[in-house]
Amino acid sequence: MLKEVCWQIGGEQGSGLDSTAEVFNTVASRAGYYVYAYKTFASRIKGGHTDFTTRISVERVLAPAAGVNLLVVLDQESINLCARNVYPGAIVLADEAFDPQLPEGLDAKLLTMPFNKMALALGNTLMKNNIVLGASAAFLGLPLEHFKKYAVRRWGNKGEDFVALIHTAMEQGYNHVVENWPDLRLELAQPDGQERLLMTGNDAAALGALAGGCRLMFSYPITPASEIAENLVKAFPKVGGIAVQMEDELGSIVACVGAGFGGARAMTATSGPGISLMQEAIGLASMTETPVVVVNTQRGGPSTGMPTKQEQSDLLAMAYGGHGDGPRIVLAPGSVEELIPLTAEAFNLADNYHCPVLIASDLALALFQQTVEPDAADLANLPKIDRGPIADPEQLAALGRDIFERYSKQVNENGVSARSLPGMKNGQFLATGAEHGPMGKVTENPANRVYMMNRRLRRITKVNTEAVRYFGSPNADLVLLAFGTTLGAAKEAQPIIEQMTGKKVGVLQIRLIYPVPTAEIARYVGDGKALVVESNATGQFAFMLKGTGYDASKVASLLRYDGNLFTVKDIVDGARAVLAGEAQYLVTGGGQGVRPTDDPTIALAAKEA
């Protein structure tokens, strides 16, 4: 019995593999297994190679697998691209229709099945993918009844005959494996039996927004953020909210500013190019002190870059982008699960600090499926709605001839004064992107300018949130600093590094990207060294950390910017090099080329080459 296996399917994009993988992942998760599923896909609707990989375990899994146990391929290109990732002795199951050939020297068992021929015999070529599901269930010892039950739930509205056809295809695939290869099994250990949720980060962000009281969504479609709006389109009618597809990203964020000024909880979701276009209006929200929430699902840039590939390279744009000094808060969830409470909290922070709050998601976090414990979505465990300082209607009504000042010098400990909402008697409803005085009227008075700038900036020195979380050994020799998708691989790498080096290693999750929680980082890193693990080419978070005055000699960087995810091995190798004193600046994956480095001759990529 294996406690963990990795299943992968590859073929032509647009041939139904997305649905096949989703069925496989959902069934595994509902059977009680932990799932971490990810995909490789091109920036096109149909055609070209795509593959889906699912790591299934009886224990929690947080990162991509090191290899594949069962590879199912529907064309030769998928063998050429995916077979190099299989474990020694792995099973490669291929459609016999294309005369599959393994790369020379590959240690794997090539088996063929007539997927296409069997599907044609059933009268529907789409059944090929259900034959694949049945065959996979047989190899992994997953009960076929779970797949058939889910098929009823998913396709039941298409009629009994269609569901019966799916069941037949699954049974034929399952029986073919049992009859032809009775001794070949990769049987998984039994899970604990608790049914778990399976979500993407975009599902979780939408759920967190609903829990946080968001009822207005303005957005423009963009990969990989679009599903957040699509989820809210389905959910809002049940709670009274509205999602609007705007003409572009600038229109989306401006609509959010208007809605936030009116007292509604509003959000938008986008990716790198959209963040670039929104910068002027993010500054408007900073200047007018208007609560706004933006989810940024980062992808490969600059410009159009690589829209379907992983990257975390918008940190500087989110923290500092735009003209002038416009304060904002940037949060970074470390898992799909964490996106639920953190998105809900983002609305509380926006309302309490009267500024934009950006959530730094990334492509892998946004689109890839992960197991989520059911209590993560329990409202009882999520932040309660806190609308922050809003003027008291009774006190406003009692002002008489006195004047309410929206930008009053009477501020709370965060440098924030109460706002009045449109419709409040004696409130103030004048707001402008130009510099203004306490009444909101435009002024260029130097003393007022200094006061107002200090007033706006003061709030980001007082952000009250859980800025970091620490895992691993205390007083560590090396602390891995990670956020977003990289956190999972760092957490899995931590005990391996300790075992291989004999050094104490910790993992510090950075939940608050900006303002940089320098004091907390210094406290946890102590006398050790910090290794910042991030998916960008220039070490943006390390740059931000050093910019706060943090001791640069204690900061090392491990970067990956080839569009793929960090693996546990990437981080283990990088950490070992830093602990051995071989390098301060490391690049892994396919990253090559000109880069600022302390010593390019010992960069990890060069060593591996």
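The charged end of Lys491 sits over the ring of Phe471, 4.0 Å from the ring centre. A second such arrangement involves Lys39, whose charged end lies over the ring of Phe41 at 4.8 Å from its centre. Both distances come from a predicted model.

Rings also pair with rings. The whole structure holds 8 aromatic pairs. One of them joins Tyr36 and Tyr38. Their centres are 5.7 Å apart, and 55 degrees separate the planes, which makes the pair tilted. Tyr36 is buried, at 1% relative accessible area. Tyr38 is buried too, at 15%.

Tyr470 and Tyr524 show another geometry. Their ring centres lie 5.0 Å apart and their planes meet at 10 degrees, so this pair is stacked. Tyr470 belongs to strand S15 (residues 468-472), while Tyr524 belongs to helix H17 (residues 518-525). The pair therefore ties together parts that are 54 residues apart in sequence. Are these two rings' residues buried or exposed? Neither label fits. Tyr470 is partly exposed, with a relative accessible area of 21%. Tyr524 is also partly exposed, at 27%. The cut-off for buried is under 20%, so Tyr470 falls outside that class.

Ring pairs also build a cluster from Trp7, Phe24 and Phe147. Phe24 leads on to a helix contact.

Helix H1 (residues 17-30) and helix H4 (residues 128-140) have axes that come within 10 Å and cross at roughly 35 degrees. The crossing is right-handed. H1 contributes Leu17, Thr20, Val23 and Phe24 to the contact. H4 contributes Asn129, Leu133, Ser136 and Leu140. By class, this contact has 5 nonpolar residues, 3 polar ones and no charged ones.

Strand S1 (residues 4-12) contains Gln8. Gln8 is buried, with a relative accessible area of 4%. What does Gln8 contact, leaving aside neighbours within four places in sequence? The partners are Asp51, Phe52, Thr53, Val68, Leu70, Leu71, Val72 and Cys82.

Next comes helix H7 (residues 201-211). Of its 11 residues, 8 are buried, so the helix is largely enclosed by the rest of the structure. The buried residues are Gly201, Asn202, Ala204, Ala205, Ala206, Gly208, Ala209 and Ala211. What do they pack against? Three strands and three helices take part: strands S7 (197-199), S10 (266-270) and S11 (292-298), and helices H8 (226-239), H12 (336-353) and H13 (363-367). Just after H7, Gly213 adopts a positive phi of about 90 degrees.

The backbone has further features to inspect. Most residues other than glycine have a negative phi, and most peptide bonds are trans. Several sites here depart from that pattern. Thr223 and Pro224 are joined by a cis peptide bond, with omega about 5 degrees. Pro224 lies in the loop between strand S8 (216-219) and H8. Gly301 and Pro302 are also joined by a cis peptide bond, with omega about 0 degrees. Pro302 is in the loop between S11 and H11.

Ser303 lies in the loop between S11 and H11 as well. Its phi is positive, near 50 degrees. Ser303 is exposed, at 63% relative accessibility. Glu289 also has a positive phi, near 60 degrees. Where is Glu289 found? It is in the loop between H10 and S11. Glu289 is buried, with a relative accessible area of 1%.

Thr288 lies in helix H10 (residues 272-288). Thr288 counts as buried, at 6% relative accessibility. Not counting residues up to four places away in sequence, it touches Val257, Arg406, Tyr407, Ala431, Thr432 and Gly433. Ala37 is 251 residues from Thr288 along the chain, and 42 Å separates their C-alpha atoms.

His323 sits in the loop between helix H11 (315-320) and strand S12 (329-331). At 63% relative accessibility, His323 counts as exposed. From His323 to Tyr550 the C-alpha separation is 26 Å, across 227 residues of sequence.

Conventions: Residues are numbered from 1 along each chain as its sequence is written. This is a predicted model: local features need pLDDT of at least 70, side-chain atom pairs count only at pLDDT 80 or more; totals for chains, interfaces and linings use all residues. Side-chain values use heavy atoms; hydrogens and water are left out. Axes are lines fitted to C-alpha atoms, for helices over the stretch in contact, and angles run from 0 to 180 degrees between N-to-C directions. Helices (H or I, at least four residues) and strands (E, at least two) are DSSP runs, numbered from the N terminus. A crossing is left-handed if the near helix is turned anticlockwise from the far one by less than a right angle, and right-handed if clockwise. Contact means heavy atoms within 4.5 Å. Ala, Val, Leu, Ile, Met, Phe, Trp, Tyr, Cys and Pro count as nonpolar, Asp, Glu, Lys and Arg as charged, and the others, Gly among them, as polar. Rings of Phe, Tyr and Trp (its six-membered ring) pair if their centres lie within 6.5 Å; planes under 30 degrees apart count as stacked, over 60 as edge-to-face and the rest as tilted. Buried means under 20% relative accessible area, exposed over 50%, partly exposed in between (1.4 Å probe, protein chains only). A charge sits over a ring if NZ of Lys or CZ of Arg is within 6 Å of the ring centre and within 35 degrees of the ring normal.
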